[in-house]
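Biologist: Could you take a close look at one part for me, the place where two helices pack against each other, and then walk me outward to the sheets? I would enjoy one connected account.

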Amino acid sequence: MKTLDYFQMRTFFIAREANKSVEFKLNELENLWYCTQKSVKRRLKQYAEDERFLYLPGKGRGNHSVIQFQKSFQDELDEEIEKLIVYEQFEDIFHILQLPIPKSITSSTFRKVQNLFGMKTTKQEKDTLRTFVTRGITTLDPLHVSINLESFLIHQLGDTLVIYDEKTDCIHPHLAHSWEKSTDNRIWTFYLRKNVRFHSQQILTSEDVKYSIERFQTNASSYHWLVEEITKIECPSSYIVRFELAQSNPFFLRYLSVHNLVILPKGEPFNEYNWTGTGPFQVKKRTDTQLVLEAFDDYFLARPLIDEVQIYRIPLETKNIITYDIVQNKEGENPQDKLSFEVGFRYLAFNFRKQNIIQNPLFRKALYHLFDVKKMWNDLGRSDLRESSSYFYWQSKSMEKNPKIILNLLEESGYRGEVLTLFTVNNPGFINMAEWLKKEGAQIGINFTIQLFTLEELYEPIIEEADLLFMGEVASTDYHLSFFGAFLNKALIFNRFFTPDHLQIISDYFDQMKQEVDRDKRESVIEKVEEFIRKENLFLYLYHPVKKRIFHSMIKDVEFDSYGYVDFRKVWFK
């Protein structure tokens, strides 16, 4: 992309540009563009012919060349963005905005993008929803998806045998229209809907179900716990599938509603960029900066009311809220805000797999009293605090902290000032928390060094180098099953940081919970697990996130999906 190369060069030179002029050596652009000096000269000549600047080559070996730009960086950027908007080349816009351009230059540009983006009437008669994310998609393989955005997306692309209804705490038919179980809850038989089509137009059969579940049994997956009790899968007919379990599990039906257990077509190797499922949307396009979903006209249930969803990746600093807009729009329409509380929480995890002071319960207790969330909220100037003491915000209470006992606890723990590595996801909110904790710790002699990581690195071994780590947990609508997964999912932090003894104690509680049909009795087991966590300070509960989203007033029936995202299946435009 020639335009991207040009703005990459302008960004590179911005710090030393004076009066729209800059001196440089050709080898600088060779390194920037990863090309030969001959190619650099050719590009500079072309830009000069396009009247972007005057180019004065340096005379003699090693002498500086000079570029005299015709327009300021601000004016050129604004003009280019406006042109790309007119031609609806949105992906090119976000490629440019990924460059490290100073905020002083991009602030008006981002406002221009926000104001113009989606404000045009398309020639095609289709409703298109455009939205944004601030990071790349890690993976859409159901075997490995453990992050809420990706879980949400596979729910739009695929379907499970059954679905969970949070309002009734019951399981309802989906790809399977009916089922039956043995009296001992070991043999489960499902009867499939007929004429359900994959995006490839292949008809779904019991062999596809068998293949999809066996894929979790035969491949390394953080969700192996969902299928580990299955000893046999049989397909008596094309529309009947039977599971035999090693032991009784009344909760097995709930397992089959987990989004990761979407049914994929047998005989089609899984392809991240050609995702084939039965879901209401199918992948039209996927690049590093854009994901386009289009409605699947042959969906076995009601077709989505919108035709296309365009998801763009934008720089993190440009969005602190999730924004939705529409293509067909009217002047003067005011946006509407929606606030939602996430079922989930942010936490500070302790890595018990490392032999250090973290192992000492007195030291963890000292950190508990040091980390005063209300004080942090006030110091960082935040609002809408929902302090957490539980996974679930309706169960949480304010935590009592006593700073007067911290020094005595540190002395009794034997802490002698060793430096602890504090990992935090590369996100401004998390980084601010980490810096706050480092400052608070320094005041009483606890030393932290901060190391950033990306969500793409969450699955990597480097995470296990942390002594402490900031992270979050988000539930699906099946809160009890999400609570299971938070500790049993091998990709997530608790399973990786807790000792085998910790995990065994929690697993024993879960064995009790699986046998309970009554919801209240299951919740009493959850309370025991959380009491164990709080007593041992296995991690520190911090707060429940509050999400703010802005929607155009013409977008109707806005409902949040199980992971807190707008359910594309139901939204429509007036």
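Modeller: Happy to! Let's start with helix α14 (residues 479-488) and helix α17 (residues 519-536), whose axes come within 11 Å and cross at roughly 30°. Angles under 35 degrees count as roughly parallel, so α14 is roughly parallel to α17. As for handedness, α14 passes α17 in a left-handed crossing. Please keep in mind that this is a predicted model.

Which residues make the contact between α14 and α17? On the α14 side they are Y479, H480, F483 and F487. From α17 come R519, R522, E523, I526, V529, E530 and I533. Sorted by class, the contact of α14 with α17 has 6 nonpolar, 1 polar and 4 charged residues.

Now to the sheets, beginning with an open one of 4 strands. Its order is β7-β8-β10-β9, and the pairing is antiparallel. The edges are taken by β7 (176-181) and β9 (230-237); each has a single partner strand, so one side of each is left without a neighbour in the sheet. On average, neighbouring strands here are turned by 20° against each other, direction ignored. Within this sheet, strand β8 (residues 187-192) and strand β10 (residues 240-245) run antiparallel and are joined by 5 bridges. To pick out one pair, the bridge partner of I187 is E244 in β10. Helix α8 (residues 206-218) packs on this sheet and touches β8, β9 and β10. The direction of α8 makes about 165° with that of β9.

Another open sheet has 3 strands in the order β1-β3-β2, again with antiparallel pairing. Here β1 (21-24) and β2 (53-56) stand at the edges, and because each has a single partner strand, one side of each is left without a neighbour in the sheet. From one strand to the next, the twist averages 15°. Between β2 and strand β3 (residues 65-69), which run antiparallel, there are 4 bridges. One of the pairs is Y55 with I67, the latter lying in β3. This sheet has a helix packed on it as well: α3 (residues 37-49) touches β1, β2 and β3. The direction of α3 makes about 140° with that of β2.

Next comes strand β12 (residues 290-295), together with the strands it pairs with. How many of the residues of β12 are buried? The strand is mostly covered, with 5 of its 6 residues buried. Strand β11 (residues 281-286) runs antiparallel to β12 and is joined to it by 5 bridges. These two strands form a hairpin, with 3 residues between them. In that pairing, Q282 has E294 of β12 as its bridge partner. Strand β13 (residues 308-313) also runs antiparallel to β12, again with 5 bridges joining the two. There, Q290 stands opposite Y312 of β13. As a general reminder, strands of a sheet pair through backbone hydrogen bonds, either parallel or antiparallel.

One last stop is L97, which lies in helix α5 (residues 90-97). Is L97 buried or exposed? The cut-off for buried is under 20% relative accessible area, so L97, at 3% relative accessibility, counts as buried. In sequence, L97 and I314 are 217 residues apart, whereas in space they are 7.1 Å apart, C-alpha to C-alpha.

How values were computed. Residues numbered from 1 in each chain as written. Predicted model: local features only at pLDDT ≥ 70, side-chain atom pairs only at ≥ 80, totals over all residues. Heavy atoms only, no water. Buried < 20%, exposed > 50% of the residue type's maximum accessible area, 1.4 Å probe, protein only. Pairing = 2+ DSSP bridges. Axes fitted to C-alpha atoms, helices over the stretch in contact; angles between N-to-C directions. Contact = heavy atoms within 4.5 Å. Parallel < 35°, antiparallel > 145°, perpendicular 65-115°, else oblique. Left-handed = near helix turned anticlockwise from the far one by under 90°. Nonpolar A, V, L, I, M, F, W, Y, C, P; charged D, E, K, R; others polar.
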